[in-house]
Amino acid sequence: MGSNFNNAQNFQIDNYQYVNVNPAADALRKLEARIAEAAIHDSAERCDAPKCHPETRVAVQNDLYEWIVEDSEVSEHPRKIKWVTGPAGTGKTAVMGSLSDRCKAGGVLPATFFFASWSSSIGRRRKTAFVTTIAHQLARYHPELREAISTAIDANSDVFGKNLRAQMEVLVLGPLQQITRRPHGPVLRGAIIIDGLDECEAEQYHNTTSTGPRTKFPRTNAEDQLEVLQVLQAAALDPCFPFRILIASRPERVFREFFDPERNPTSFAQKLDLNDKHQANADITLFLEAQFNIIRRRYNLPPSWPPPGTVQMLVKNASGQFIYAATVIRLLDTGHRDPPKALLEAILKTGTTQKMTSSPFEPLDTLYTHILDSSPDPPLSVRWIRSITFLNQRLRVSASYIHLLLQTDPESSEAEHLLGNLHSLIRIPPPSNQATTRYDFYHKSLFDFLKDPGRCRQLYVDDSEIRVLIWNAFFRACASEFASPSLFLFHRMALILCYFNLKRAVIAIVHSREAFSAFCQIYQVL
């Protein structure tokens, strides 16, 4: 009301009625409150997300872009869903990110959703906000869609509590049917790009810890991933749905079975396998040569560096995995204590001495092992990495709180001591930003490596050991005078311990009266 009578004074109003002239804004605000903003391709969380190096992956991007913009009317039954797949490290997310930018510049990007199991944003890890996030972007894509989606929300106020299929029907298909059937309706086209669907974690609707007769088995990740796939397939089969859908994932079983042409011979466009088609060796060669030129100039290395045959050997070791080449370059160029020349010699040496195996991950595993072994205490550094990952997935914990929790001596520089040589694997915030910035990791393949005892071997740490490490660290924080003023840390750690369901053990073991009192205060507010 204040905006209606700005600077007015000395007046009286009788029978005043306020009419909202823009009800659509209220509905769209309700929608916006339920999206996973971090999952959109140009979100702040994805500011450092991988993109294709200039002049690389050109053929892949061209093929996908041409499929997106081709005329759907040339086929009576257009196949609107395409699967892009490939093992870890083949550059799926980089391709999807660069393609999203290209489609947005071309005006053919209605919506994107980038799942990420490592994200601290729960919306990127689960399906809950998937449809609402797509609908929110469609409302911004075209004004007639915005109006239709707003109307649908007003008419179905309970839609946000419905399952994905119901949400898709109300928030996406209904509005599309409404506007595309108009005599002079808009011509809509473009692609909805979905990356990392294999990283979608299961949403649990029941207590999975009880053991009674009505116990429900926990939902699996594959079940939720299949639900998303089925909802997208149903949307694509609707004649009023004008968009192409591009789905990128690893070739896990649920995706192989869903996209099996023998099961669904007419539903999908031909898949694009980054491991089979568009051989990456030429692109990896181009990337390495360009990056070596930059490093050579930056460190004033001689023109003869790197030695002849280096690029060819690294390309062979990469086995089509861009992540291998990217990790090598980061290792050479991220402030490691050894000079790039010595580091490269060590990498090439490990590459020539490794055993020949049938595993395509062997060169990447050797590289990860070599980098982790450069830490003064590799086993402990791995425990820190696993603990950081665990905490990041459940709480937004800054680097300084990680130090407060995991360092045995608060005044020490244990974090720098353990992780200082691992900048090629971890985004370590500078000291001035550690109070507000968290640790981050470059690629999920590192966690795949660390969780597989057959790959990381002597560096393997079981999940139970990580829980014990965090558990003991909390006890140490409770017993230390330096931690007692930090009620905020106690509160956040108590949430984690609730996840462990270990409240009784806390009461039995914490001996510090002050810490025990603080802990009890926390539980009173939980």
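**Two buried isoleucines and a helix pair**

Ile402 has a relative accessible area of 0%, so it counts as buried in this predicted model.

Reader: OK, which helix is Ile402 in?
Author: Buried Ile402, at a relative accessible area of 0%, has its place in a helix that covers residues 399–406. That helix is α16.

Reader: And what does Ile402 touch, once residues up to four places away in sequence are not counted?
Author: Contact here takes heavy atoms within 4.5 Å. With those sequence neighbours set aside, Ile402 touches Trp384, Ile388, Leu391, Val397, Gln407 and Tyr439.

Reader: How far apart in space are Ile402 and Ser387, C-alpha to C-alpha?
Author: Along the sequence, 15 residues separate Ile402 and Ser387. In space, C-alpha to C-alpha, the distance is 8.9 Å.

Reader: Let's hop to Ile245. Is it buried or exposed?
Author: Ile245 sits in strand β4, residues 244–249. The cut-off for buried is under 20% relative accessible area. Ile245 comes out at 0%, so it counts as buried.

Reader: Which residues is Ile245 in contact with, leaving aside neighbours within four places in sequence?
Author: One partner, Lys80, is 165 residues away in sequence, yet the C-alpha to C-alpha distance is 6.0 Å. The full set for Ile245 is Trp67, Lys80, Ile81, Lys82, Ile192, Ile194, Leu232 and Ala236.

Reader: Zooming out, what share of contacts between residues at least 6 apart in sequence joins residues at least 24 apart?
Author: The protein chain has 23 helices and 7 strands, and 50% of its 526 residues count as buried. For contacts between residues at least 6 apart, the share joining residues at least 24 apart is 75%.

Reader: Now the helix pair: why are α12 and α14 called roughly parallel?
Author: The axes of α12 (residues 322–332) and α14 (residues 362–373) come within 10 Å and cross at roughly 25°. Angles under 35 degrees fall in that class, so α12 relative to α14 is roughly parallel.

Reader: What is the handedness of the α12 and α14 crossing, left-handed or right-handed?
Author: The two axes cross at roughly 25°. The crossing of α12 and α14 is left-handed.

Reader: Then how many residues of the α12 and α14 contact are charged?
Author: From α12 come Ile323, Tyr324, Thr327, Val328 and Leu331. From α14 come Pro363, Leu364, Leu367, Tyr368, His370 and Ile371. These residues divide into 9 nonpolar and 2 polar, and the number of charged ones is none.

Note on methods:
Residues are numbered from 1 along each chain as its sequence is written. This is a predicted model: local features need pLDDT of at least 70, side-chain atom pairs count only at pLDDT 80 or more; totals for chains, interfaces and linings use all residues. Side-chain values use heavy atoms; hydrogens and water are left out. Helices (H or I, at least four residues) and strands (E, at least two) are DSSP runs, numbered from the N terminus. Buried means under 20% relative accessible area, exposed over 50%, partly exposed in between (1.4 Å probe, protein chains only). Axes are lines fitted to C-alpha atoms, for helices over the stretch in contact, and angles run from 0 to 180 degrees between N-to-C directions. Angles under 35 degrees count as roughly parallel, over 145 as roughly antiparallel, 65 to 115 as roughly perpendicular and the rest as oblique. A crossing is left-handed if the near helix is turned anticlockwise from the far one by less than a right angle, and right-handed if clockwise. Ala, Val, Leu, Ile, Met, Phe, Trp, Tyr, Cys and Pro count as nonpolar, Asp, Glu, Lys and Arg as charged, and the others, Gly among them, as polar.
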